[in-house]
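Work through the exercises below with the model open. Try each task before reading its solution.

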Amino acid sequence: MGVRAPPDQQTKLIEAAAAANVPWIIPNEFGNDNAHTALREAVSINSVKTQYRDLIEKLGKSAWIGICCGFWFEFSLGGGPDTYGFDMKNRTLTLFDDGTQALSTSTLPQVGRGVANLLGLKILREDENDKSPCLSDFKNKFAYIASFVVNQKDMLQSVLRVTQTEEKDWKITSEPTAARFQRGNELFQKGDYSGMRISMYTRNFYPDQGGNFAVTRGLDNDKLGLPKEDIDEFTGLAIRWAMDGNLERYGQ
């Protein structure tokens, strides 16, 4: 569901699912760790999602499973300086602080596989000796999946390999995360939608590890049979999208 979808749209879908006795709902999460209180409350687009999980539980007909996958890697790497700090066309990079704070991030195919494999699990275990994962393990909880756990400098090394460039070919600056987060909020309050992206992405690079759920929660990749991925393959895709201008109209 789009980030600019009407706020009552998901409510209506949840109510309809409850009326039809749908047992499982995957709400519109697909991103940050909304079980991380400080991160959730700092980013408005995250905090509003609590009401939908609460509604599902209040109606009592369904259970929810939130998909926590971090930001989409290809979109975020190629999405311009407001996201992971890279401007591929102009070969610039803004490091948040010193660029060494890691976060968990997922490719679009990995998210798709994660959802498909999750829904392919049996609902309950067969008996007390059955140790295999089941859907009920995730009842009213988050499933944590990721493709990579990387910082901006790791991303830069992948970009350099794919583009066959060197650091001297790029203009690299830095900005304190606290100042960048505040700047984003101020822009958003003035009606500039880019401010929301700036503040949301920056907050995930804070040193409290809010964006690095692989460390704070652990990943469910193995339970869901998810493969290891090649970061350079998806860096190449991100660069192609950026150079083709395919990401510039997102959210418009």
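**Exercise 1.** How many disulfides does a search of the whole structure find?

*Solution.* The model is predicted. The search of the whole structure finds zero disulfides. Take Cys68 as a test case. A disulfide needs two cysteine sulfur atoms within 2.5 Å. The closest cysteine sulfur to that of Cys68 belongs to Cys69, at 6.8 Å, which is too far for a bond. Now check accessibility. Cys68 is buried, with a relative accessible area of 0%. Cys134 is buried too, at 2%.

**Exercise 2.** Determine how helix H1 (residues 9–19) is oriented against helix H4 (residues 50–59).

*Solution.* Start with the axes. They come within 10 Å and cross at roughly 20 degrees. Angles under 35 degrees count as roughly parallel, so H1 and H4 are roughly parallel to each other. Next, the hand: H1 passes H4 in a right-handed crossing. Then list the contact. H1 supplies Gln10, Thr11, Ile14, Glu15 and Ala18, while H4 supplies Tyr52, Leu55, Ile56 and Leu59. Finally, sort these residues by class: six are nonpolar, two polar and one charged.

**Exercise 3.** Do the same for helix H7 (residues 152–163) and helix H11 (residues 231–244).

*Solution.* The two axes come within 9 Å and cross at roughly 75 degrees. The roughly perpendicular range is 65 to 115 degrees, so H7 is roughly perpendicular to H11. On the H7 side, the contact uses Ser158, Val159, Arg161, Val162 and Thr163. On the H11 side, Ile231, Asp232, Thr235, Gly236 and Ile239 take part. The classes come out as four nonpolar, four polar and two charged residues.

Key. Residues are numbered from 1 along each chain as its sequence is written. This is a predicted model: local features need pLDDT of at least 70, side-chain atom pairs count only at pLDDT 80 or more; totals for chains, interfaces and linings use all residues. Side-chain values use heavy atoms; hydrogens and water are left out. Axes are lines fitted to C-alpha atoms, for helices over the stretch in contact, and angles run from 0 to 180 degrees between N-to-C directions. Helices (H or I, at least four residues) and strands (E, at least two) are DSSP runs, numbered from the N terminus. Angles under 35 degrees count as roughly parallel, over 145 as roughly antiparallel, 65 to 115 as roughly perpendicular and the rest as oblique. A crossing is left-handed if the near helix is turned anticlockwise from the far one by less than a right angle, and right-handed if clockwise. Contact means heavy atoms within 4.5 Å. Ala, Val, Leu, Ile, Met, Phe, Trp, Tyr, Cys and Pro count as nonpolar, Asp, Glu, Lys and Arg as charged, and the others, Gly among them, as polar. Buried means under 20% relative accessible area, exposed over 50%, partly exposed in between (1.4 Å probe, protein chains only).
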